[in-house]
Amino acid sequence: MPTPSDMHDKVALVTGAAAGLGRATALELARAGASLSLLDINAQGLEETAAMVRELGARAQVQAIDLSETAQCAPAVAAAVEAYGRLDALCNVAAVFIPRHSAAMTDDELDTTLAVNLAAPFKLIRAAIPHLLETHGAVVNVTSCAAFMGQAYLAAYSATKAGLTHMTKSLAMEYMHQPIRFNAVAPGGMMTALAMGLTKLEDPDPSLLGRIAPLRGLVEVEDVAQMVAFLATDAARGYHGACINIDNGITAG
Ligand SMILES: NC(=O)c1ccc[n+]([C@@H]2O[C@H](COP(=O)([O-])OP(=O)(O)OC[C@H]3O[C@@H](n4cnc5c(N)ncnc54)[C@H](O)[C@@H]3O)[C@@H](O)[C@H]2O)c1
């Protein structure tokens with residue numbers, strides 16, 4: 001896991017940084033010495049995270065941006081580089097989670113899911129690659145156990161997570177001979193605002209929800225954040241094209 005000096009003089013852009021895993025990742029990276037560019041649609045949550053980062057003695061830039069407007073992605077990377085003069089890590093943590101009976105999912109819900117969970121990470125990565133090649137940096141994408149198992153009422157979400165997992169591996173192949181690393185972390189259920197989305201589903205079949213209920217309990221957000229932050233550091237130099245499952249065994253069988 002990252003030590004207090006692993007990200008000294010380095011810069012990380014973290015999406016989804018206003019809450020949950022994104023906030024925890026930002027704090028892990030701040031403890032490791034990074035300067036942070038914090039991106040989220042939730043401006044108030046971002047300010048709270050920025051205050052926590054600064055309390056740890058690290059620098060924080062705040063970018064309140066809606067990633068469903070994917071034209072904002074390249075300017076967000078440029079703003080991080082402009083603020084600090086470099087970029088060493090991009091952590092794509094933000095996602096939307098809209099459990100639906102698939103026949104009832106609206107075009108807007110589908111488009112937002114695809115934009116935030118799949119198109120935005122691609123566009124952020126595309127803009128970050130030249131900077132990360134300069135610094136021998138890393139991309140860490142947060143996917144999900146949903147990438148590895150069919151999950152009822154989550155057809156669109158799980159497709160984006162499987163897509164992001166495979167995007168990570170394909171990028172790792174494309175950049176095999178260049179100084180940049182691409183990895184993913186696939187958490188199981190964590191106690192965050194996102195997970196509460198399932199409780200709002202109308203008229204679910206309990207036997208199907210039971211198939212995605214954790215058998216060994218929820219995963220600790222901090223455990224996942226430590227892995228995301230670790231993969232962003234040079235100490236993770238042996239990881240390239242990996243997807244690390246941290247899911248309390250839910251994808252075991
Ligand atoms: N919580 C779980 O059970 C669980 C399980 C597996 C994977 N994940 C993944 O973990 C990651 C973090 O999720 P979390 O559990 O911390 O949830 P969360 O809801 O606490 O955090 C998600 C963040 O993304 C931000 N976001 C959403 N839409 C956005 C947009 N359009 N533009 C910018 N920011 C936007 C939210 O404001 C929020 O701060 C996600 O990629 C999620 O898919 C979560």
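**Exercise 1. Find which polar backbone atom lies 3.2 Å from a nitrogen atom of the ligand, then look at the ligand's other polar partners.**

Start at Ile41: one of its polar backbone atoms sits 3.2 Å from a ligand nitrogen, which fits a polar contact (a pair of N or O atoms within 3.5 Å). Next, go to Ile65, where a polar backbone atom is 3.4 Å from a nitrogen of the ligand. Then try a side chain: an N or O atom of Lys161 lies 2.9 Å from a ligand oxygen. Finally, check the cover: the ligand on its own exposes 830 Å², and the protein buries 91% of that (Shrake-Rupley areas, 1.4 Å probe).

A quick note on the model: it's predicted, so local features need pLDDT of at least 70 and side-chain atom pairs 80 or more, while totals for chains, interfaces and linings use all residues. Numbering runs from 1 along each chain as its sequence is written, and side-chain values use heavy atoms, without hydrogens or water.

**Exercise 2. Work out which elements give two or more residues to the shell around the ligand.**

They're H1 and helix H5 (155-174); helices here are DSSP runs of H or I, at least four residues, numbered from the N terminus. Among the 28 residues around the ligand, Leu21, Asp40, Val93, Tyr157 and Thr192 come nearest (around it means a heavy atom within 4 Å).

**Exercise 3. Check the span of helix H1 (residues 20-31) and say how enclosed H1 is.**

Take 1.5 Å times one less than the number of residues: the 12 residues of H1 should span 16 Å, and the end C-alpha atoms are 17 Å apart, which agrees. Now count burial (under 20% relative accessible area, 1.4 Å probe, protein chains only): 10 of the 12 residues are buried, so H1 is largely enclosed by the rest of the structure. Right after H1 comes Gly33, with a positive phi near 100°.

Conventions: Buried means under 20% relative accessible area, exposed over 50%, partly exposed in between (1.4 Å probe, protein chains only). A polar contact is a pair of N or O atoms within 3.5 Å; within protein, one must be able to donate a hydrogen and the other to accept it, and residues adjacent in sequence count only if both atoms are side-chain atoms.
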